[in-house]
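Open the structure in your viewer and keep the selection panel at hand. We will go stop by stop.

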Amino acid sequence: MNEKLKDDLVRRMESMDIPLYGIADPSVWESPPFEPWMPSDFYPRSIYPECRSVIVIGLPISLPVIETTPSIHYHEMYKTVNQLLDQSAYRLSVHLSEKGHGSFYIPRDGYGSIGVLKDQPFAFFSHRHAAYFAGLGTFGMNNALLTRKYGPRVRFTSIFTTAELPHDHPLDSQLCTRCFRCIKKCPVQALPGKDYPEALLDKEKCRLYNEKLSNRYIHPCGVCIKVCPVGEDRKLFNRTDMSIYEAEGQRKDLRAAWKHVQAYGGKK
Ligand code: B12
């Protein structure tokens, strides 16, 4: 195991302001942690037989921005985070390749348009599962991966490398508190109220709603990750009082701010 290369990589990721990272062993996909599981052609070594480590990086979504969803503000932040994820992962893969370890990154999403997902609702590789194996979090009832620092308000991407790096392991405690807020607040009732992998949302309902928002330039939705109480970001932004998301909540100032932002930049 190349400890020195890992130290070099960690320093590099920290200098690139990447707050979440972990390394998964590509062979663990072969021992499903739950059922149903994905077909084997989705495993890292089916995509890149030479792969010895899967590096997963995560960038946060700022809580006060996703609170305005659906809005041009969250839409723009989503695009910024997506670009940074892909660019950071690309740079890390070039860095490793230059050091003699064949590496490449997987795009943070991997679909051409929201319409494509109607007939083919999967991407060729799942970053949530990679992040789970890399010890970054656990699955919640909202179908997302919850992290300690940012709850589910994190987007991920992965780098496949031939470098033999020390591997991380899944967390042993569950982060989801099963508060059901994501289920109650989903605007299209796409979440059935079950634990993952039964948490599997009605993908088509969610996709259709996001398609509508996309036609108004204010996608994605993201309410299920906005209302999750998990994450140290709640303390940082003074948002531990979850009643702020209820109509009768005390914070009229916040509701006015969200309404203001929502009134601009999108199609009515
Ligand atoms: C397609 C997609 C969507 C679609 C479909 C929803 C979905 N969750 O699948 C739409 C557009 C609706 C969508 C919505 C959202 N998304 Co999305 N999405 C993706 C994408 C591109 C692929 C997901 C995928 O194919 N996973 C692969 C399969 C393996 O996962 P799975 O369906 O859970 O599979 C299980 C079972 O289906 C089973 N299985 C049984 N039989 C079969 C058969 C086959 C063929 C397969 C593959 C699996 C399978 O195996 C699995 C495990 O047991 C990923 C990015 C990526 N490439 O990973 C982002 C991603 C999952 N989305 C993300 C986010 C944040 C969202 C939204 C919150 C929107 C937003 N950005 O604000 C919502 C949340 C919806 C929700 N509650 O799940 C993040 C999640 C981050 C996190 N913290 O977990 C990701 C990882 C993007 C990223 N780069 O960070 N998304």
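How far from an oxygen atom of the ligand does a polar side-chain atom of R128 lie? Select R128 and the ligand: the distance is 2.7 Å. Bear in mind that this is a predicted model.

**Stop 1: polar contacts of the ligand**

Stay on the ligand and add N142. A polar backbone atom of N142 sits 2.7 Å from a nitrogen atom of the ligand. Now add R155. Here a polar side-chain atom is 3.2 Å from a ligand nitrogen atom. So far, R128 contributes a side-chain atom, and N142 a backbone atom.

**Stop 2: the shell around the ligand**

Widen the selection to the 39 residues around the ligand. The nearest are P36, Y74, R108, L145 and K203. Colour the shell by residue class: 27 are nonpolar, 6 polar and 6 charged.

Next, show the cartoon. Which elements each supply at least two residues of this shell? They are α4 (72–98), α5 (127–133), β6 (154–161), α7 (203–215) and α8.

**Stop 3: the second largest pocket**

Keep α8 on screen, now as residues 223–226, and add α10 (252–262). Each of these helices supplies at least two lining residues to the second largest pocket. The pocket has a volume of about 300 Å³. Its lining counts 13 residues; select T69, K226, Y245, W258 and Q262 to see those closest to the centre.

Which element gives the most to this lining? It is α10, with 4 residues. By class, the lining holds 6 nonpolar, 2 polar and 5 charged residues.

**Stop 4: the cavity**

Switch to a clipped surface view. The structure holds 1 cavity of 30 Å³ or more. The volume of the largest cavity is about 90 Å³. Select C176, C179, C182, C228 and P229, the closest to its centre among 13 lining residues.

How does the lining of the largest cavity divide by class? There are 10 nonpolar residues, 3 polar ones and no charged ones. For the lining of the second largest pocket, recall, the charged count is 5.

**Stop 5: the whole chain**

Zoom out and colour by secondary structure. The protein has 10 helices and 6 strands. Its radius of gyration is 19 Å, close to the 18 Å that the globule rule gives for 268 residues, so the protein is as compact as a globular protein of that length.

Switch to the C-alpha trace. Along its principal axes it spans about 55 × 40 × 35 Å. Finally, colour by accessibility: 49% of the 268 residues count as buried.

Key:
Residues are numbered from 1 along each chain as its sequence is written. This is a predicted model: local features need pLDDT of at least 70, side-chain atom pairs count only at pLDDT 80 or more; totals for chains, interfaces and linings use all residues. Side-chain values use heavy atoms; hydrogens and water are left out. On a 1 Å grid over the protein atoms alone, a cavity is a set of points where a 1.4 Å probe fits but cannot get out, and a pocket is an open set with protein on both sides within 12 Å along at least five of seven lines; lining residues have an atom within 4 Å of a point. Grid points are joined across faces, edges and corners, and a volume is the space filled by probe spheres set on the points. Ala, Val, Leu, Ile, Met, Phe, Trp, Tyr, Cys and Pro count as nonpolar, Asp, Glu, Lys and Arg as charged, and the others, Gly among them, as polar. A residue is near a molecule or strand if one of its heavy atoms lies within 4 Å of it. A polar contact is a pair of N or O atoms within 3.5 Å; within protein, one must be able to donate a hydrogen and the other to accept it, and residues adjacent in sequence count only if both atoms are side-chain atoms. The radius of gyration is taken over C-alpha atoms; the globule rule is 2.2 Å times the number of residues to the power 0.38. Buried means under 20% relative accessible area, exposed over 50%, partly exposed in between (1.4 Å probe, protein chains only).
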